[in-house]
Amino acid sequence: MTPTLAAAPPEHVDVLIVGAGISGIGAAYYLQRELPSKSYAILEARGATGGTWDLFRYPGIRSDSDLHTFGYEFKPWTSDKTIAGADAILAYLRETAAEYGIDRKIRLHHKVLGAAWSSRDARWLVDVERTDTGERTRLSCRWLFCAGGYYRYDQGFAPRFEGTERFKGRIVHPQHWPEDLDCAGKRVIVIGSGATAVTLVPALAEAAAHVTMLQRTPSYILPVPSEDAIAKLLRKFLPKDRAHELTRRKEIAKQRAIWRFCQRYPHAARRLIRYLNARQLPKGYPVDEHFNPPYDPWDQRLCVVPDADLFKAISSGRASMVTDHIETFTERGLRLKSGRELEADIIITATGLNLQALGGMALTVDGVPVHLPDKVVFRGMMLNGVPNFSVAIGYTNSSWTLKIGLLCEHFCRLLAYMDAHGHTLCTPELNDPAMPTRPLLDFGAGYVQRSVDALPRQGNRAPWLMSMDYHSDVKLLREDPVEDQNLRFSSHVRLASAPTSDTSGLRSPLAAGGRR
């Protein structure tokens with residue numbers, strides 16, 4: 001009788017990386033550079049690489065960090081645009097994947113539904129669904145590395161507004177931007193005050209009849225140059241690698257200085273940002289009405305606008321700001337609580353994102369479901385009580401990728417240490433269960449506050465504290481020893497050169513009560 005596919009042993013790799021965006025591609029590079037003997041694969045649920053930069057298609061989409069630090073340390077960013085658009089970032093990521101052969105390890109349309117850890121076999125058994133065919137399959141791995149970020153890719157946040165069914169125009173969420181949407185000559189309202197809104201408004205104002213940015217609460221908005229004159233000068237006289245290194249150091253120092261200034265002197269920072277805003281706007285403009293948040297700088301991320309494009313759109317009259325609350329949608333637009341009515345042909349709800357821990361995958365450890373809100377993050381990259389599992393979480397107060405690079409380096413050091421000492425299991429253990437904890441993402445953005453109770457937590461001291469300081473992390477992740485009193489290493493009893501087809505010790509997380 002011909003054996004069925006289900007009876008065959010699952011394909012096995014040393015490291016399984018989930019997500020083929022900026023974090024997953026970076027993790028693959030460091031893994032194959034530092035540990036070339038390790039086998040790995042990258043699973044990507046979508047049909048293309050690039051993560052965020054392939055998913056979002058709304059006009060003007062760009063980074064809100066400079067690409068010298070948002071890009072990789074090992075791959076110089078050579079464009080003149082230091083604040084770059086999605087197309088340029090996506091090309092950079094795909095070029096990196098192709099240059100280092102990482103693209104050959106990526107499997108598109110592979111969505112991880114769940115993963116079950118067996119201490120007996122020292123491996124994860126991973127349930128995967130082919131999103132293009134619906135086929136279910138399984139893989140096994142020694143380490144599972146989750147590099148999917150924390151945004152939910154299939155659904156943005158859309159609060160319920162009264163009367164939306166009455167509106168005769170079109171309502172669009174930026175996360176699902178339709179290819180056929182033409183805003184030329186139309187009256188457009190953008191609801192929101194975050195990075196997406198401040199990106200959309202100047203981009204749409206180039207062709208729309210008028211764009212109104214309607215916000216409930218102002219954000220801090222900082223004009224920055226889109227090009228880095230010093231970076232261009234360094235590239236002119238130095239090899240590109242050296243120019244990239246020096247520019248990167250400069251930008252790291254600048255980010256750190258701005259954040260520390262805002263933290264230590266919030267009132268002075270508020271006055272400085274207000275001065276920069278007022279200087280870009282017409283005389284007599286109500287700056288305090290539209291650009292004066294009720295919180296301190298860096299309690300939430302600062303929104304950057306390259307070359308002051310938002311302020312230029314407002315000054316030209318092509319765009320305007322309204323700070324008010326929505327009472328209801330009407331047939332022709334919006335009625336606000338102040339009684340004012342705004343007419344529109346298109347309303348864009350740039351109302352934020354939804355968070356989703358670990359891409360929605362369910363985890364079990366020896367048959368017991370992992371409840372993420374009960375877990376505490378170790379060194380910003382592992383979960384207590386969960387063996388051989390890593391998660392990539394970047395900075396929220398500077399470039400995401402700065403932290404990811406350090407985490408990936410430390411991950412490779414950890415695997416090398418285990419190999420050198422004959423260990424097959426590595427588990428963070430919380431020695432002080434009474435340690436006070438706080439939210440993993442400890443800042444006030446609405447998208448964080450809506451989902452904070454579904455995420456793991458952080459402690460009040462190292463190594464359970466989520467460091468947001470690059471220089472501290474360089475010491476912790478690149479220089480300090482791998483060993484830690486909270487990190488337990490061991491070897492499983494049943495050593496084998498390859499996994500067997502016996503999966504009786506691996507209970508599917510879906511069968512254990514996990515959700516898809």
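**Exercise 1. Strand S10 and its surroundings**

How many of the six residues of strand S10 (residues 210-215) are buried? Work this out in the predicted model, then describe the pairing of S10 with strand S9 and the burial of helix H5.

*Solution.* The step of counting needs a cut-off, and here a residue is taken as buried when its relative accessible area is under 20%. By that criterion five of the six residues of S10 are buried, and the strand is mostly covered. Turning to its pairing, strand S9 (residues 187-191) runs parallel to S10, and five bridges link the two; within this ladder, Arg-187 has His-210 of S10 as its bridge partner. Helix H5 (residues 195-205) can be treated in the same way: eight of its eleven residues are buried, so the helix is largely enclosed by the rest of the structure. The buried residues of H5 include Val-198, Leu-200, Val-201 and Leu-204, and Thr-199 and Pro-202 are also among them.

**Exercise 2. An open sheet of three strands**

Determine the strand order in the sheet that contains S14, S15 and S16, and explain which strands stand at its edges.

*Solution.* The order is S14-S15-S16, the sheet is open, and the pairing is antiparallel. Strand S14 (326-329) and strand S16 (341-343) each have a single partner strand and therefore stand at the edges, where one side of each is left without a neighbour in the sheet. From one strand to the next the twist averages 20°. As for the pairing in detail, strand S15 (residues 333-336) is joined to S16 by three bridges, with the two strands running antiparallel, and Leu-334 finds its bridge partner in Leu-342 of S16.

**Exercise 3. Enclosed space**

Find how many cavities of 30 Å³ or more the model holds, and compare what lines the largest with what lines the second largest.

*Solution.* Rolling a probe the size of a water molecule over the atoms shows where empty space is left. The count comes to five cavities of 30 Å³ or more, and the largest of these has a volume of about 130 Å³. Its lining is made up of 14 residues, of which Ala-357, Leu-358, Val-391, Ile-393 and Leu-440 are the closest to the centre. Sorted by class, that lining consists of twelve nonpolar and two polar residues, with no charged residue.

The second largest cavity has a volume of about 100 Å³. Among the residues that line it are Ile-252, Gln-255, Arg-256, Trp-259, Asp-469 and Tyr-470, and helix H7 (residues 240-264) gives the most to this lining, with four residues. By class, the lining of the second largest cavity has five nonpolar, three polar and two charged residues, whereas the lining of the largest cavity has no charged residues.

**Exercise 4. Backbone geometry in the loops**

Locate the cis peptide bond between Ala-462 and Pro-463, and place the positive phi values of Trp-298 and Asn-388 in their structural context.

*Solution.* As background, most residues other than glycine have a negative phi, and most peptide bonds are trans. The bond between Ala-462 and Pro-463 is cis, with omega about 5°, and Pro-463 belongs to the loop between strand S26 (457-459) and helix H13 (470-479). Trp-298 has a phi near 75°, which is positive in a residue other than glycine; this residue sits in the loop between helix H9 (287-290) and S12, and its 13% relative accessibility makes it count as buried. Asn-388 also has a positive phi, near 50°, and occupies the loop between strand S22 (382-383) and strand S23 (389-391). With a relative accessible area of 0%, Asn-388 is buried.

**Exercise 5. Two buried residues**

Decide whether Ser-140 is buried or exposed, do likewise for Ala-308, and state a spatial relation for each.

*Solution.* Ser-140 is part of strand S6 (residues 136-146). Its relative accessibility is 0%, and it therefore counts as buried; its side chain makes a polar contact of 2.7 Å with the side chain of His-12. Ala-308, by its place in the chain, falls in the loop between strand S12 (303-306) and helix H10 (309-316). A relative accessible area of 4% makes Ala-308 buried. The second spatial relation concerns Ala-308 and Glu-331, which are 23 residues apart in sequence and, from C-alpha to C-alpha, 34 Å apart in space.

Key
Residues numbered from 1 in each chain as written. Predicted model: local features only at pLDDT ≥ 70, side-chain atom pairs only at ≥ 80, totals over all residues. Heavy atoms only, no water. Pairing = 2+ DSSP bridges. Axes fitted to C-alpha atoms, helices over the stretch in contact; angles between N-to-C directions. 1 Å grid on protein atoms, 1.4 Å probe; cavity = no way out; pocket = protein on both sides within 12 Å on 5 of 7 lines; lining within 4 Å. Points joined across faces, edges and corners; volume = space filled by probe spheres on them. Nonpolar A, V, L, I, M, F, W, Y, C, P; charged D, E, K, R; others polar. Buried < 20%, exposed > 50% of the residue type's maximum accessible area, 1.4 Å probe, protein only. Polar contact = N/O pair within 3.5 Å; in protein donor to acceptor, adjacent residues only side chain to side chain.
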